[in-house]
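I wanted to go through this protein one element at a time and write down what I looked up. The entries below follow the order in which I checked things.

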Amino acid sequence: MSNDDDPRTLRNAQATIRDRFVDAESGLFTMNCVAGAGKSMTVQRIAAETIIRRYVAGDQTPAQSVAVMSFNTDEAAAIGPAVCEHIREIVAHEMIPGASSLTQTDVEYLVTRIRQAPFIGTVDSVLRDIF
């Protein structure tokens with residue numbers, strides 16, 4: 001049984017997908033799963049981890065390197081806030097290498113960048129910005 005203060009973790013297939021994404025140099029990753037399979041949490045956590053890793057490596061605009069989209073408007077609206085929540089959780093619990101080096105100021109900077117990120121939202125809104 002977990003404590004409410006324990007960080008959320010990816011398990012089983014979720015962790016495998018994250019590990020494969022992290023191990024890749026680049027590429028397109030998509031997930032097609034049934035409802036309730038944990039897609040949203042997995043994608044949000046991967047986005048948060050990627051943004052943190054890129055920021056720790058010196059990228060000042062790491063949110064511009066991640067695209068997270070949904071066809072569903074309500075789900076798309078929840079992506080940014082959830083990624084921000086995951087960033088706070090990862091840093092607070094030092095869940096990935098480099099997270100312990102981030103200050104509260106760094107976290108708030110990343111949260112602000114995510115709120116302004118051009119590639120987070122509905123498929124239509126992201127593609128409209130690209131084309």
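These entries run from the overall layout to the helices, the core, the aromatic pair and a few single residues.

**Entry 1, overall layout.** I noted at the outset that this is a predicted model. I counted the secondary structure elements and found 5 helices and 2 strands, which run α-α-β-α-α-β-α from the N terminus on. I then looked up burial across the protein, and buried residues make up 35% of its 131 residues. For the surface I recorded about 8300 Å² exposed, with carbon and sulfur atoms supplying 50% of that area. I also looked at how contacts are spread along the sequence: among those between residues at least 6 apart, 71% join residues at least 24 apart.

**Entry 2, helix α1.** I took helix α1, residues 13–23, and asked which of its residues are buried. They are Gln 14, Ala 15 and Arg 18, and seen down the axis of α1 these buried residues fall within an arc of 95 degrees, so they line one face of the helix. On the face turned away from that buried side I found the exposed residues Ala 13, Arg 20 and Asp 23. When I looked up what covers the buried residues of α1, the cover included α2.

**Entry 3, helix α4.** I checked the length of α4 before anything else: its 12 residues should span 16 Å at 1.5 Å a residue, and the end C-alpha atoms are 17 Å apart, which agrees. The buried residues here are Asp 106, Val 107, Leu 110, Val 111 and Ile 114, and because they fall within an arc of 135 degrees seen down the axis of α4, they line one face of the helix. I reminded myself that an α-helix has 3.6 residues a turn, so residues three or four places apart point the same way. The face of α4 turned away from the buried side carries the exposed residues Thr 105 and Arg 115. I then looked up what the buried residues of α4 pack against, and noted α2, α3 (73–92) and β2 (120–122).

**Entry 4, the largest nonpolar core.** I asked which elements give two or more residues to the largest nonpolar core. The core has 24 residues, of which Ile 51, Ile 52, Val 83, Ile 87, Leu 110 and Ile 114 touch the most other members. The elements that contribute two or more residues are α2, α3 and α4, and α3 gives the most, with 7 residues. I followed Val 83 further and, leaving out residues up to four places away in sequence, found that it touches Gln 44, Ala 47, Ala 48, Ile 51 and Ile 114.

**Entry 5, Gln 44.** Since Gln 44 is among the contacts of Val 83, I looked it up separately. Gln 44 has its place in helix α2, and at 11% relative accessibility it counts as buried. Not counting residues up to four places away in sequence, Gln 44 touches Ala 78, Ile 79, Ala 82, Val 83 and His 86.

**Entry 6, the aromatic pair.** I searched for paired aromatic rings, and the count came to 1 pair. The rings of Tyr 55 and Tyr 109 have their centres 5.7 Å apart and their planes at 35 degrees, so the pair is tilted; I kept in mind that planes count as stacked under 30 degrees and as edge-to-face over 60. Tyr 55 lies in helix α2 (residues 39–56) and Tyr 109 in helix α4 (residues 104–115), so the pair ties together parts that are 54 residues apart in sequence. Is each ring's residue buried or exposed? Tyr 55 is buried, with a relative accessible area of 13%, whereas Tyr 109 counts as partly exposed at 28% relative accessibility.

**Entry 7, Arg 11 and Glu 94.** I ended with two residues outside the helices I had been following. Arg 11 sits in the segment before α1 and is exposed, with a relative accessible area of 57%. Arg 11 and Gly 38 are 27 residues apart in sequence, and their C-alpha atoms are 10.0 Å apart in space. Glu 94 lies in the loop between α3 and α4, where I noted a positive phi of about 45 degrees although Glu 94 is not a glycine. At 52% relative accessibility, Glu 94 counts as exposed.

Notes
Residues are numbered from 1 along each chain as its sequence is written. This is a predicted model: local features need pLDDT of at least 70, side-chain atom pairs count only at pLDDT 80 or more; totals for chains, interfaces and linings use all residues. Side-chain values use heavy atoms; hydrogens and water are left out. Rings of Phe, Tyr and Trp (its six-membered ring) pair if their centres lie within 6.5 Å; planes under 30 degrees apart count as stacked, over 60 as edge-to-face and the rest as tilted. Buried means under 20% relative accessible area, exposed over 50%, partly exposed in between (1.4 Å probe, protein chains only). The expected span of a helix is 1.5 Å times one less than its number of residues. The arc is that of the directions from the helix axis to the C-beta atoms. Contact means heavy atoms within 4.5 Å. A nonpolar core is a set of buried Ala, Val, Leu, Ile, Met, Phe, Trp, Tyr and Cys residues joined through side-chain atoms within 4.5 Å. Accessible areas come from the Shrake-Rupley method with a 1.4 Å probe; for residues, only the protein chains shown count as cover.
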